[in-house]
Amino acid sequence: MNMNILVIGNGVVESTEIIKEYSGISDLIICADGGAGYLYKIGIKPHILVGDFDSIDPEVKRFYNDSGIEIVQFPRQKDYTDMELALDIAVEKGAKKIFIAGATGSRLDHTLSNIQLLHKLADAGVEGIIVNSNNYIHLLTDHMELTKKEGFYLSLVPATPRVEGITTKGLAYPLKDAEMVMGTGLGISNEFISDKAEVTVKKGRLYVIVSRD
């Protein structure tokens with residue numbers, strides 16, 4: 001079906017403007033448990049609510065129960081996080097691209113786990129992008145083009161032990177058929193020098209992070 005889907009988790013959403021932005025270009029909105037509270041505040045109704053509902057406000061849960069949206073409830077004793085379950089449903093619904101908000105925050109275990117879920121999406125042939133007010137986190141498996149964002153840097157972080165054949169265009173510090181390994185900071189804080197930048201890898205995977213302070 002090649003849909004754009006917005007998935008909202010229970011992490012930190014610094015500004016609901018980012019939810020408004022991505023809900024406007026998404027065909028389907030899925031909330032993972034307490035992430036529904038962000039939509040509730042701004043009056044946007046999700047299509048699907050997923051989780052064990054240990055973190056959702058009871059008032060929000062009642063509202064969505066009464067509104068007739070699809071609710072998929074799982075037991076608390078489960079093997080997967082609410083975010084992973086929501087992403088699985090997004091893939092089942094035919095997502096081509098998934099925007100993921102509320103995936104980062106003070107819990108580094110949750111943040112790291114959610115970033116790692118980009119691999120599961122890539123294995124399914126789906127592009128996942130974790131978005132917040134200061135970061136856009138992509139997982140590159142072959143080639144990617146990115147639009148310059150004023151005030152943002154572009155960083156490349158190995159997502160596999162070794163990444164080979166890295167070539168970039170449109171950046172201040174270009175790479176040509178380079179190699180990166182985990183445990184180095186070689187690819188941090190590059191700068192856009194054109195409206196578009198390109199990153200290509202031949203072997204391995206890279207986290208491509210567009211971020212600002």
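Which residue in β12 is the bridge partner of M144? The partner is V199. This pair is one small detail of a predicted model, and the paragraphs below place it among the strands, helices and pockets around it.

We can start with the sheet that holds most of the elements discussed here. It is an open sheet of 9 strands with mixed pairing, and its order is β4-β3-β2-β1-β5-β6-β7-β13-β9. The edges are taken by β4 (70–73) and β9 (153–158). Each of these two has a single partner strand, so one side of each is left without a neighbour in the sheet. Direction ignored, neighbouring strands of this sheet are turned by 20 degrees against each other on average.

Now follow the sheet inwards from the β4 edge. Strand β4 runs parallel to β3, and 4 bridges join the two. One contact to look for is L49, whose bridge partner in β4 is I71. Between these strands the chain passes through a helix: β3, helix α3 (residues 58–67) and β4 make a right-handed β-α-β unit.

Strand β3 (residues 48–51) deserves a second look. In a regular strand the side chains alternate between the two faces of the sheet. Here I48 and V50 point one way from β3, while L49 and G51 point the other way. Are these residues buried or exposed? All of them are buried. For this purpose a residue is buried when its relative accessible area is under 20%.

On its other side β3 meets β2 (residues 28–32), and these strands pair in the parallel sense over 3 bridges. I30 has I48 in β3 as its bridge partner. From β2 the chain goes through helix α2 (residues 36–42) to β3, and this β-α-β crossover is right-handed.

Further along the order come β1 and β5. Strand β1 (residues 3–8) runs parallel to β5, with 6 bridges between them. In this pair, I8 has A101 in β5 as its bridge partner.

The next neighbour of β5 is β6, again parallel, with 4 bridges joining the two. Across this pairing K97 stands opposite E127 in β6. The link is another right-handed β-α-β unit, made of β5, α5 and β6. Why is β6 described as largely enclosed by the rest of the structure? The reason is that 4 of its 5 residues are buried.

The sense of pairing is antiparallel between β6 and β7, which pair over 2 bridges. I130 has I137 in β7 as its bridge partner. No helix is named in this connection: β6 and β7 form a hairpin with 3 residues between them.

The other sheet to look at is an open one of 4 strands, in the order β8-β12-β10-β11, and its pairing is antiparallel. Its edges are β8 and β11 (178–181), and each has a single partner strand, so one side of each lacks a neighbour in the sheet. The twist averages 30 degrees from one strand to the next. The opening pair belongs to this sheet: β8 and strand β12 (residues 196–200) pair in the antiparallel sense over 5 bridges, and M144 and V199 are bridge partners there.

The strands and helices also leave spaces. Rolling a probe the size of a water molecule over the atoms shows where empty space is left. The largest pocket has a volume of about 490 Å³. It is lined by 24 residues, of which N10, T81, D82, M83 and H110 are the closest to its centre. Both α4 (82–92) and α5 (108–123) supply at least two residues of this lining, and α5 gives the most, with 4 residues. By type, the lining of the largest pocket divides into 5 nonpolar, 13 polar and 6 charged residues.

The second largest pocket holds about 300 Å³ of space. Of the 14 residues that line this pocket, I129, H138, E145, L146 and T147 are the closest to its centre. Two or more lining residues come from each of β5 (95–101), β6 (127–131), β7 (135–140) and β8 (143–147). Which of these strands gives the largest share of the lining? That is β8, with 4 residues. The lining of the second largest pocket has 8 nonpolar, 2 polar and 4 charged residues.

Notes: Residues numbered from 1 in each chain as written. Predicted model: local features only at pLDDT ≥ 70, side-chain atom pairs only at ≥ 80, totals over all residues. Heavy atoms only, no water. 1 Å grid on protein atoms, 1.4 Å probe; cavity = no way out; pocket = protein on both sides within 12 Å on 5 of 7 lines; lining within 4 Å. Points joined across faces, edges and corners; volume = space filled by probe spheres on them. Nonpolar A, V, L, I, M, F, W, Y, C, P; charged D, E, K, R; others polar. Buried < 20%, exposed > 50% of the residue type's maximum accessible area, 1.4 Å probe, protein only. Pairing = 2+ DSSP bridges. Right-handed = clockwise from strand over helix to strand, strands pointing away. Axes fitted to C-alpha atoms, helices over the stretch in contact; angles between N-to-C directions.
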